[in-house]
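These notebook entries set down what I looked up in one structure. I kept them in the order of my searches.

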Amino acid sequence: MLTRRTFLATAGAAPLLVNSALGEPEPPARKKIAIISTVWTYHSHSQHMGDRFLVGYPRHGQWHNPPLDVVSLYVDQRPEGDLSAKRAAEHGFTVYPSIAETLRCGGDKLSVDGVVIIGEHGNYPRNQKGQNLYPRYEFFQQAIEVFEKDGRAVPIYNDKHLSYSAEKAARMVADSKRLKFAFLAGSSLPVTWRLPPVEVPYDAVIEDALMVGIGGSDAMDYHALEALQCMVERRKGGETGIKSVQMLEGDAVWKAGEEGVWSRRLLEAALSRSDSLQGYSQLDSRPQDLANNGELPGLVKTPSAYLIERNDGLRTTLLMLNGALEDYTFAARLQGGQILSTQFFLSPKPNVTYSACLVAQIEDMIMTGQAPYPVERTQITSAMLDRLLDSKVEGHRRLETPELKIAYRAPRESRFGD
């Protein structure tokens, strides 16, 4: 049976036309994209993704050259190590001084078929909640102004959070629906490879779910929350929105585990998928049951627990355990007691190949005009993190979140490791 995935694999992830005279596939018409970036430096998100549009990337066991041409770039900051001028000279596109000029390629009308907004990295302020105030919303609004003035809209991809603000994120989604253009956002974790390649069965009843992550806020906890979201959104009835959130830190995290607020059995299942357990494993390769041997409090100096209650009653947890491991793992208990667990695999530097999995999704959207998964996944992740950080600065109290009634259905087809 020819599925969409096998068709895309055969077609090089883009629709092909058939030459009726020769009976051979013709390459798809190339499309033009504009990149809107905070910075383009080595190992910035703009470099990881932008370079793949320029020179291609591995996909389905072969080198894939996207049928997309980067024709214009806006870069907000040019710190030491800036690569934007070099890439423009090498690949023949223009760096413009404003977003409007970038989308119009210096003319008076929108002149691209897709927009890629990469608002990550760079020297931007933080607020009292510790959020990086990247101007993703502001970049997006400037693109919207061009769409409205020129009477045409094209697909937009927005890297990672829609915004640090739940309210701004909601306005971005509303604008995309009002102007009826495909809108994709988020990070690479939902679409990277999984070890093992586990998926929550579509319409399964999930009784509990737990994610383990590492890194700082509000960059790496976003990654972990979105990975958690891409798994639990597949449950029966789909995503129903967030009823309440609470963030715990320090000893309160371990106490919550002792009281059954989060599942030690799921922590055991998640940690069993890690390839980077610390402590004894790091010192002398000793196998260990880190979830149950009492070593976690000694390894993790600043634990955090992100407690999320959904409107349908599902309770989910993110544990940020810096010092215990160096990867991202997930576990869930389904109705009947079955436990699923996996690692979201992040391939190492210098190539960071998991970014290619995300670029493939962006390419598919621009070529087809359809987002491969709902932007609401990123909206709800952005919003819950914003409110969780409110809980943190308000004394770690539980916050009711009726404004986060963000309901949607995930597609049946998974896109991970594509």
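The entries below take up the domains, the contact between them, the backbone and the cysteines.

**Entry 1. Domains**

I noted at the outset that the model is predicted. I then looked up how the protein is divided. I found domain 1, covering 31-186, and domain 2, made up of 194-345 + 379-400. I recorded a distance of 31 Å between the C-alpha centres of domain 1 and domain 2. To the contact, domain 1 gives 20 residues and domain 2 gives 15 residues.

**Entry 2. Area between the domains**

I next asked how much area domain 1 and domain 2 bury between them. The value is about 1400 Å², and carbon and sulfur atoms account for 49% of it. I also looked up which residues of domain 1 lose the most area to domain 2. They are Lys129, Lys160 and His161, which together make up 42% of what the domain 1 side buries.

**Entry 3. Polar links between the domains**

I searched for charged pairs and found 3 salt bridges between domain 1 and domain 2. I also looked up a salt bridge that joins the side chains of Arg387 and Glu167, at 2.4 Å from N to O. For polar contact between domain 1 and domain 2, I recorded 10 residue pairs, both residues being at pLDDT 80 or more. I then asked which elements give two or more residues to the side of domain 1 that touches domain 2. These are α6 (166-179) and β10 (183-186). The largest share of that side comes from α6, with 5 residues.

**Entry 4. Cis peptide bonds**

I turned to the backbone and looked up peptide bonds in the cis form. The bond from Leu195 to Pro196 is cis, and its omega is near -5°. I located Pro196 in the loop between β11 (194-195) and β12 (206-213). I noted a further cis peptide bond between Ser217 and Asp218, where omega is about 5°. Asp218 belongs to the loop that runs between β12 and α7 (220-232).

**Entry 5. Positive phi values**

I then looked up residues other than glycine with a positive phi. Ser285 is not a glycine, yet its phi is positive, at about 60°. I placed Ser285 in the loop between α10 (280-284) and α11 (296-299). Is Ser285 buried or exposed? Ser285 is exposed, as its relative accessible area is 62%.

His396 likewise is a residue other than glycine with a positive phi, near 65°. I found His396 in the loop between α13 (376-393) and β18 (399-400). The relative accessible area of His396 is 26%, so I entered His396 as partly exposed.

**Entry 6. Cysteines**

I searched the whole structure for disulfides and found 0. A disulfide is a covalent bond between the sulfur atoms of two cysteines. I asked why Cys357 forms no such bond with the cysteine whose sulfur is closest. That sulfur belongs to Cys230 and lies 12 Å from the sulfur of Cys357, which is too far for a bond. For reference, the cut-off for a disulfide is 2.5 Å between the sulfur atoms. I also looked up the surroundings of two cysteines. Cys357 is buried, with a relative accessible area of 1%. Cys105 is partly exposed, with a relative accessible area of 26%.

Note on methods
Residues are numbered from 1 along each chain as its sequence is written. This is a predicted model: local features need pLDDT of at least 70, side-chain atom pairs count only at pLDDT 80 or more; totals for chains, interfaces and linings use all residues. Side-chain values use heavy atoms; hydrogens and water are left out. Helices (H or I, at least four residues) and strands (E, at least two) are DSSP runs, numbered from the N terminus. Buried means under 20% relative accessible area, exposed over 50%, partly exposed in between (1.4 Å probe, protein chains only). Domain bounds come from an automatic or database domain assignment. Contact means heavy atoms within 4.5 Å. Buried area is the accessible area (1.4 Å probe) that two parts lose on being put together, summed over both. A salt bridge is a side-chain nitrogen of Lys or Arg within 4 Å of a carboxyl oxygen of Asp or Glu. A polar contact is a pair of N or O atoms within 3.5 Å; within protein, one must be able to donate a hydrogen and the other to accept it, and residues adjacent in sequence count only if both atoms are side-chain atoms.
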